[in-house]
Amino acid sequence: MTIKTLSSDKLYRVSELHGLPEDCKSTKNLTPLDEIVGQERAQQAVEFAMSIKEKGYNIYAIGRNGLGKRTMVLRYLNRHDPNGSGHPQHDWCYVANFEESRNPKVLKMPAGRGTQFKKDVEKMMTKLVKALPLAFDNEVYYSRSEKLKNQLDQKQQGALLALTQEAKEHSISLTVTMAGEYQLVALNGEEPHTEESFAQLSDKEQKVFEDTINALEKKLRSIVRELTELEEDFSEKMQKLNEEIALEVVSHFIHDLLIEYKSLPEVKNYLKAMRKDILENLDIFLEESEEDVALAYATLDKKMPRRYQVNVLVANDTETKFPIVVEESPNYHSIFGYVENATYKGTIFTDFSLIRSGSLHRANGGVLLMDAVKVLERPYVWDGLKRALRSRKLSVSSLEKEVTLSGTISLDPEPIPLSVKIILFGDYQTYQLLQHYDPEFSELFRVTADFEDEMCRTDESEAQYAKFISSIVNDNNMLHCDRKAIARIIEYSSRQADDQNKLSLHSADIANLLRESNYAAKSSNATMIRANHVEQALHSQEKRVSRLKDHVMQTFTNGTTLIDTEGAVVGQINGLSVISTSDYQFGAPNRITATTSYGEGGVFDIERSVDLGGRIHSKGVMILSAYLASIFGRSSRVPLTTHLTFEQSYGGVDGDSASMAELCAIVSAYSQIPLRQDVAITGSMNQFGQAQPIGGVNEKIEGFFDVCTIKGRHAAQGVIIPQSNAHNLMLRKDVVEAVEKGEFHIWAISHVTDAIEIMTGKQAGQASLDGTYPVESVLGQAQMKLNALRR
């Protein structure tokens with residue numbers, strides 16, 4: 001046999017850290033990275049999207065959880081300010097629309113001035129609330145209003161005097177009732193006639209009184225109209241007087257604000273509208289209607305009327321700061337804002353001062369980062385987001401209004417112009433669903449940032465990875481890692497990638513390992529994280545999640561699961577499988593058996609027949625059947641039916657990594673040559689018998705090694721793997737040491753005939769031109785027995 005086993009140095013690639021200077025003893029000597037390692041493609045996509053200001057260039061970041069997608073994007077955004085190209089930030093305020101209260105107006109102001117404007121208005125209103133009542137409570141105002149009142153009284157008395165005199169000449173009195181009405185009464189001397197005295201008058205006298213009173217009443221009605229006009233004229237003059245007094249006060253206080261904000265036309269127009277409204281609503285300040293005033297002041301502080309408040313929706317510190325908002329709980333209200341309701345003495349009301357901002361408001365002019373699945377889970381959020389991005393306007397609308405048919409009166413604020421980049425983080429399946437079912441998705445999210453799972457392992461990338469480890473250590477205030485600890489973490493990363501020449505970019509795993517190593521180091525009062533602390537953390541990790549593995553291994557210990565690790569048996573072979581839980585996977589051997597009976601040459605897959613075999617497993621059986629037919633059935637049908645099964649397998653079986661093992665078992669059953677039980681095999685094959693790579697090779701080898709340890713170790717034991725899996729080997733230290741000592745073997749093969757030779761200890765045989773195999777070979781023995789059956 002010419003097939004050689006792999007040497008121990010091929011089973012594990014040690015990290016020598018050649019890319020780091022010799023004097024670099026720990027992460028303390030390394031500059032932390034301010035970016036995520038190995039994600040150049042995704043970073044370029046983010047840079048491209050952020051540099052384009054046109055509509056639709058939002059980003060969907062694809063990748064598994066834990067790749068550091070959010071961390072990378074946030075670090076990039078914090079490092080590169082896209083606003084350097086001249087996109088200043090603004091404050092956004094809602095104020096009352098004095099003409100239509102249901103449609104509050106929005107004020108756009110330079111960053112930092114919104115809050116100042118609110119304070120300025122509050123300061124002015126606080127003074128105004130005190131100053132206006134005082135302006136109407138002084139001798140000047142009293143004398144002017146008294147003069148107008150006297151003028152009214154004189155005109156009223158003058159108008160009534162002539163009528164009173166005329167009535168008196170006809171023995172009729174003009175009086176005013178308790179209700180304030182004018183009344184003409186016939187006089188009996190100096191006193192009004194009673195009903196009895198009036199009845200005693202002659203008809204002629206009564207008639208004279210009635211006619212005279214009727215004539216006087218006509219004149220009285222004319223005079224009353226004149227008096228009403230005098231009252232209205234007086235009210236107008238009083239109103240004008242009040243406005244003059246108030247205007248003098250209001251203009252005095254508002255003048256400074258008009259000068260302060262003269263460069264902002266919208267603010268200036270609002271201040272003028274406010275001045276006009278104050279003059280029209282002086283009763284709020286003069287407390288003429290206590291109930292109305294109480295409602296107007298129904299706020300927590302009660303310093304100023306609600307209608308003159310400034311609701312600062314978004315306040316930025318400076319014009320240059322780029323807003324970066326991460327929305328952890330993207331529901332409708334948290335993204336788009338909402339309008340609160342207030343209650344005062346049983347009355348529910350709302351106004352512009354109760355409008356609350358959402359994350360889109362705060363991210364306006366910057367970036368909003370959200371999880372795609374969370375956005376899609378919450379009702380109406382996705383539609384609202386698309387609507388805002390299409391229109392480039394942000395409207396605060398009530399969710400109740402969106403989802404019900406009720407005509408409840410609510411606010412309809414003026415929309416805010418929207419300029420924002422949305423970055424959604426999600427997996428590939430969610431991305432495919434959106435692409436397939438939402439035609440607008442590709443128009444609104446034109447940039448895809450595809451995050452890698454792994455990167456090539458070179459001296460340069462190891463040095464970069466070491467800096468990445470340093471950044472995690474520094475960000476989390478951990479103990480520093482020494483050189484050997486860095487190397488061990490890099491080796492762990494390579495194991496996570498299942499490849500000697502790759503490093504895993506699942507930064508969450510590395511960060512968790514560092515946290516646990518840091519804990520182990522601090523528990524032992526160490527001043528630095530060393531390799532043994534990393535090993536301790538890895539051992540603790542595995543112990544927490546390996547309950548199922550311990551249970552499975554127990555079945556080999558007590559003999560519940562039948563397995564042989566020595567000797568040789570016909571038609572029986574040890575295959576290897578991987579058992580996975582949500583956070584852990586391990587390998588274990590499976591006994592695969594093949595039996596034959598006279599038939600038509602088919603391979604009867606018992607797993608498939610009882611619906612325990614998956615589609616990939618069934619495909620593997622069909623491929624090996626095709627290979628068998630090509631070597632034994634070129635001229636005539638194979639006269640045997642083979643029954644193939646995984647012994648003691650009561651769950652589902654899928655994957656084609658047992659197809660080489662199954663072929664070896666069938667060839668053994670045909671030739672009646674026994675197969676070694678101290679060797680296990682894994683590997684897929686094609687129709688030409690070539691070995692194909694499989695997954696979980698490290699776990700499979702370690703699983704068989706553990707079972708050999710349980711059943712009894714001896715030096716001939718080992719595992720056969722495909723040659724194309726050799727670069728995936730990052731085996732446990734105890735397995736590598738056993739191989740180094742010659743106590744365990746790993747063969748890497750390129751063809752299934754190599755496996756047959758290792759398993760039988762005989763030459764597999766090579767077909768001659770006529771399709772026959774040497775009689776002493778394994779395939780020759782099988783062919784000879786098949787030919788005998790054919791005859």
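At 35% relative accessibility, Arg392 counts as partly exposed, because the partly exposed class lies between the limits of under 20% for buried and over 50% for exposed. In this predicted model, Arg392 sits in the loop that runs between helix H13 (381-391) and strand E14 (393-394). The backbone of Arg392 has a positive phi of about 55 degrees, although the residue is not a glycine. Most residues other than glycine have a negative phi, and a second residue in the model departs from that pattern as well: Asn525 has a positive phi of about 60 degrees and is likewise not a glycine. Asn525 is placed in the loop between helix H19 (507-523) and H20, and with a relative accessible area of 69% it is exposed.

These two loop positions belong to a protein of 791 residues, of which buried residues make up 48%. The protein contains 28 helices and 30 strands. Among its contacts with a separation of 6 or more, 77% are between residues 24 or more positions apart.

Thr27 offers one view of such contacts. The residue is found in the segment before helix H1 (40-51), and its relative accessible area of 0% makes it buried. When residues up to four places away in sequence are not counted, Thr27 touches Ile469, Ser470, Val473, His480, Cys481 and Ile486.

Charged side chains provide further links. Side chains of opposite charge can pair when their charged atoms come close. The structure holds 27 salt bridges, and one of them joins the side chains of Arg75 and Asp475, with an N to O distance of 2.5 Å. This pair links distant parts of the chain, since Arg75 belongs to helix H2 (residues 69-79) and Asp475 to helix H17 (residues 459-475), 400 residues apart. Arg75 itself is buried, with a relative accessible area of 18%, which falls under the 20% limit for that class.

Another salt bridge is formed by Arg495 with Glu699, whose closest N and O atoms are 3.6 Å apart. Here too the pair links distant parts of the chain, with Arg495 in helix H18 (residues 483-496) and Glu699 in helix H25 (residues 697-711), 204 residues apart. Both Arg495 and Glu699 are buried.

Helix H25 also holds Asp706, whose side chain meets that of Arg732 in a salt bridge with an N to O distance of 2.7 Å. Arg732 lies in the loop between strand E29 (718-722) and helix H26 (733-740), so this pair ties together parts that are 26 residues apart in sequence. The two partners fall into separate accessibility classes: Asp706, at 15% relative accessibility, counts as buried, whereas Arg732 is partly exposed, with a relative accessible area of 23%. Elsewhere, salt bridges that share partners join Asp383, Lys386, Arg390, Asp438 and Glu440 into one network.

The packing of helices adds another layer to the picture. Two packed helices are described by the angle between their axes and the distance between the axes. Helix H18, which contributes Arg495 to the salt bridge with Glu699, packs with helix H20 (residues 531-545) at an angle of about 35 degrees, the axes being 7 Å apart. On the H18 side the contact is made by Lys484, Ala485, Arg488, Ile489 and Tyr492, and on the H20 side by Ala531, Val534, Glu535, Leu538 and Gln541. Sorted by class, the contact of H18 with H20 has six nonpolar, one polar and three charged residues.

A further helix pair consists of helix H24 (residues 659-671) and helix H28 (residues 778-790), whose axes come within 7 Å and cross at roughly 55 degrees. That angle makes H24 oblique to H28, and the crossing in which H24 passes H28 is left-handed. In this contact Val667, Tyr670 and Ser671 of H24 meet Val778, Leu779, Gln781, Ala782, Lys785 and Leu786 of H28. By class, the contact of H24 with H28 has six nonpolar, two polar and one charged residues.

Methods:
Residues numbered from 1 in each chain as written. Predicted model: local features only at pLDDT ≥ 70, side-chain atom pairs only at ≥ 80, totals over all residues. Heavy atoms only, no water. Helix = DSSP H or I, 4+ residues; strand = E, 2+ residues; numbered from the N terminus. Buried < 20%, exposed > 50% of the residue type's maximum accessible area, 1.4 Å probe, protein only. Contact = heavy atoms within 4.5 Å. Salt bridge = Lys/Arg side-chain N within 4 Å of Asp/Glu carboxyl O. Axes fitted to C-alpha atoms, helices over the stretch in contact; angles between N-to-C directions. Parallel < 35°, antiparallel > 145°, perpendicular 65-115°, else oblique. Left-handed = near helix turned anticlockwise from the far one by under 90°. Nonpolar A, V, L, I, M, F, W, Y, C, P; charged D, E, K, R; others polar.
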